[in-house]
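Reader: I'd love a close look at one part of this model, a helix and whatever surrounds it. Could you walk me through it in one connected answer?

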Amino acid sequence: MKIGIAGGIGSGKSYVCKRLQQRGYEVYDCDSAAKRLLRTSPEIREQLIRLIGTEAYTQDGQLNKAAVSRFLLASSDNQRAINDVVHPAVFRDFEDSGMQWMESAIMYESGIYRLVNRVIVVTAPLEVRIQRVMLRDHLSREKVLEWMARQLPQEEVVKRADFELVNDGQTDIEQQLNKIIEQCNRPF
């Protein structure tokens, strides 16, 4: 059984994944994997240089985040082009990892949901999410809302997911995890 953990920015996916790890579950982090692959994969390096130009990487071979961000934010076509390079590499890496649990902020947008049997969406009220991201990333409210607008609305992810885990700071996370894990361990 492969299980995906989804949820928009600020929902608390990482917090829930840490709780799972404390229970002994290893969780594949798609965001960290994408960053690692952008730094280390020769195939991705070659494809990004074709897309962006030699400025995609610095003289010493490091990813030039500023150049990649400029390209990415310039148009939806550019964003799609980078996603078409990075997402398949992350998919392969997850499959090769042998892990059963996976965390992805863009579970449905990327298509990686196809690699799991069940999806848990972590949710939180909008204002809670905004405040979490502002504090964590030292971003303005406007910038947080801009990032949120780039993701599927929370309500849409809830409709598509198999389970919802409410992470509002008040609802018991452990109790919800117990119930979800029990249901995931049942046969289809």
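Author: Happily! Let's begin with α2, where Cys 30, Ala 33, Ala 34, Leu 37 and Leu 38 are buried. These residues lie on the same side of α2, because the arc they cover around the axis is only 135°. Please keep in mind that this is a predicted model.

What do the buried residues of α2 pack against? Their partners are two strands, β2 (27-29) and β3 (101-103), and two helices, α3 (42-52) and α5.

One of those partners, α3, deserves a look of its own. Here Ile 44, Leu 48 and Ile 52 are buried. They span an arc of only 45° around the axis, so they sit on the same side of α3. The other side of α3 carries Pro 42, Glu 43 and Arg 50, which are exposed. Seen from α3, the buried residues pack against α2, α4 and α5. Just after the helix comes Gly 53, with a positive phi near 110°.

Now back to α2, which also takes part in the largest pocket. Among the elements that give two or more residues to its lining are α2 (30-40), α4 (65-74) and α5 (76-97), and the others are α1 (13-22), α6 (107-110) and α7 (126-137). The largest share, 10 residues, comes from α5. That helix is also a packing partner of the buried residues of α2 and of those of α3.

For your purposes, the pocket itself may be worth some numbers. Its volume is about 1800 Å³, and 46 residues line it. Nearest its centre lie Asp 31, Lys 35, Leu 72, Ile 106 and Trp 147. By type, the lining divides into 18 nonpolar, 14 polar and 14 charged residues.

One last point concerns the cysteines, since Cys 30 is among the buried residues of α2. How many disulfides does a search of the whole structure find? The search finds 0. For Cys 17, the nearest cysteine sulfur is that of Cys 30, 9.8 Å away; a disulfide is counted when two cysteine sulfur atoms are within 2.5 Å, so this pair is not one. Cys 17 is buried, with a relative accessible area of 3%. Cys 184 is in no disulfide either, and the nearest cysteine sulfur to its own, that of Cys 17, is 13 Å away. Cys 184 also counts as buried, at 3% relative accessibility.

Methods
Residues are numbered from 1 along each chain as its sequence is written. This is a predicted model: local features need pLDDT of at least 70, side-chain atom pairs count only at pLDDT 80 or more; totals for chains, interfaces and linings use all residues. Side-chain values use heavy atoms; hydrogens and water are left out. On a 1 Å grid over the protein atoms alone, a cavity is a set of points where a 1.4 Å probe fits but cannot get out, and a pocket is an open set with protein on both sides within 12 Å along at least five of seven lines; lining residues have an atom within 4 Å of a point. Grid points are joined across faces, edges and corners, and a volume is the space filled by probe spheres set on the points. Helices (H or I, at least four residues) and strands (E, at least two) are DSSP runs, numbered from the N terminus. Ala, Val, Leu, Ile, Met, Phe, Trp, Tyr, Cys and Pro count as nonpolar, Asp, Glu, Lys and Arg as charged, and the others, Gly among them, as polar. Buried means under 20% relative accessible area, exposed over 50%, partly exposed in between (1.4 Å probe, protein chains only). The arc is that of the directions from the helix axis to the C-beta atoms. Contact means heavy atoms within 4.5 Å.
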